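This report describes selected salt bridges, strand pairings and a surface patch, with the criteria behind each term. The sequence and the structure are shown first.

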Amino acid sequence: MINKLFVALGLTVLLITGCHHSEEAKEEEAKLEVTQPLRKDTAIVKEYVSQIHAFRHIELRALERGYLQDIFVDEGQAVKQGQRMFKIMPNLYQVDLQKAKAEAEVVRIEYQNTKALSEKNIVSPNELALARARLDKAEAEVKLAQTHLNFTDINAPFSGVMDHFNARNGSLVDEGDLLTTLSDISKMWVYFNVPESEYLDYKIAKTTKAPVNVRLKMANGEMFDQPGVIETIEADFDNKTGNIEFRAVFANPNQILRHGETGNILIDIPYKNAMLIPQKATFEILDKTYVYVVNKENKLEQRLITIAAELPHVFVIKSGLKDDDKVLVEGLRKVHNGQKIGVNFVAPDKVLSQLELHAE
């Protein structure tokens, strides 16, 4: 009876051991796709929300008080430099000018009489100097009255497109009241904010004084047909947001862009000899990114990596991998650290070509 029991136990142990070895064999036989990092010149596109401003955008205000007598333009109209736009009723200023001219004429006659008497030594040189000063003052009053009268005509200071009216014919306007705004949209200034880290990358990478070209995606998703260049960078960072403002300039020959529009600035940032791996070869744990590297014994090692940039379906690796590392591409959720696997090596260029990589 006891012998039969030992025999049964022995058979059970053999069966368990056989199953265990069978599972290990199956585990080793399972071949998973593995590749290596690919070195390639590429570029990423950084996108920034932007505000579009006219090259020149000003407010046209009344320079004198009075009734708005005439409007010679229309809302949204393109005007030329010097073109007449508004006229404030000039009657009062015309009267002031006539009065100033009459007073100046009286003073001029007095000066001429004083000068004649001075030549005959009847009056002193001081009296002649006072008469001259009174004449200069009267002539200045004429010029001032003429200036006030000229202010009743409001002309375009530059060529541009005007906005809506803030006053209509017959309105009483005070000095300084807004009449309309005028925008010079022959070229546009496009402002966008850049985080501090990306600003530093930009400054370090920019080794020449050549302007950096940018593109503009308009609000409808279409690309603007003119190239732009980064022109200036503001002096200070915004301490609340950690950003600094860049300004790009775009020619606007067809006047498609208008003051106050929004869009997105696109900047191509080149990466020379970048290390690329598929995004699907990575996984995250507590906001850190890892890959499985296959060692010489075909066992998996969990490896922490640092990502420099992101492309469609692809990561640019900053650190954590070597060129000859073999990286697991598929079945990441089915394996664990230290597991031995079968390797199905696929060339990296073939793997990335299947991911629709757009690289230069």
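Which residue in β17 is the bridge partner of Glu-310? The partner is Phe-315.

The model is predicted, so local features need pLDDT of at least 70 and side-chain atom pairs count only at pLDDT 80 or more, whereas totals for chains, interfaces and linings use all residues. Residues are numbered from 1 along each chain as its sequence is written, and side-chain values use heavy atoms, with hydrogens and water left out.

**Strand pairing around β17**

Strands here are DSSP runs of E with at least two residues, helices are runs of H or I with at least four residues, and both are numbered from the N terminus. Two strands count as paired if DSSP finds at least two bridges between them. Strands of a sheet pair through backbone hydrogen bonds, either parallel or antiparallel.

β17 pairs with β16 in the antiparallel sense over five bridges. The hairpin of β16 and β17 has two residues between the strands, and His-313 takes a positive phi near 70° there. β17 also pairs with strand β13 (residues 262-278), again antiparallel, over four bridges. In that pairing, Met-275 has Ile-317 of β17 as its bridge partner.

**Salt bridges**

A salt bridge is a side-chain nitrogen of Lys or Arg within 4 Å of a carboxyl oxygen of Asp or Glu. By this criterion the structure holds 15 salt bridges. Three of them are listed below.

| Acidic residue | Basic residue | N to O distance |
|---|---|---|
| Glu-105 | Arg-108 | 2.6 Å |
| Asp-136 | Arg-132 | 2.8 Å |
| Asp-325 | Arg-303 | 3.2 Å |

Accessibility is described in classes: buried means under 20% relative accessible area, exposed over 50%, and partly exposed in between (1.4 Å probe, protein chains only).

Glu-105 and Arg-108 are three residues apart in helix α2 (residues 91-119), which means that about one helical turn separates them. Glu-105 is partly exposed at 39% relative accessible area, and Arg-108 is partly exposed at 26%.

Asp-136 and Arg-132 both belong to helix α3 (residues 125-150), where they lie four residues apart, about one turn of the helix. Relative accessibility is 37% for Asp-136, which counts as partly exposed. Arg-132 is likewise partly exposed, with a value of 31%.

Asp-325 and Arg-303 form the third tabulated salt bridge, at 3.2 Å between the closest N and O atoms. This pair links distant parts of the chain, 22 residues apart: Asp-325 is in the loop between β17 (314-319) and β18 (326-328), and Arg-303 is in strand β16 (residues 300-311). Asp-325 is buried, with a relative accessible area of 7%, while Arg-303 is partly exposed at 22%. Elsewhere, Arg-84, Lys-87 and Asp-153 are joined into one network by salt bridges that share partners.

**The four-stranded sheet and a nonpolar patch**

An open sheet of four strands follows the order β6-β5-β3-β8, with antiparallel pairing. Its edge strands, each pairing on one side only, are β6 (153-155) and β8 (172-173). Strand β3 (residues 66-71) is joined to strand β5 (residues 84-88) by three bridges, and Leu-68 has Ile-88 of β5 as its bridge partner.

Patches are made of residues with over 30% relative accessible area and no salt bridge; like charges are joined within 9 Å and nonpolar side chains (Val, Leu, Ile, Met, Phe, Trp, Tyr) within 5 Å. Accessible areas come from the Shrake-Rupley method with a 1.4 Å probe, and for residues only the protein chains shown count as cover. Tyr-67, Met-89 and Leu-172 make a nonpolar surface patch of about 280 Å². Met-89 lies in the loop between β5 and α2 and is partly exposed at 36% relative accessibility.
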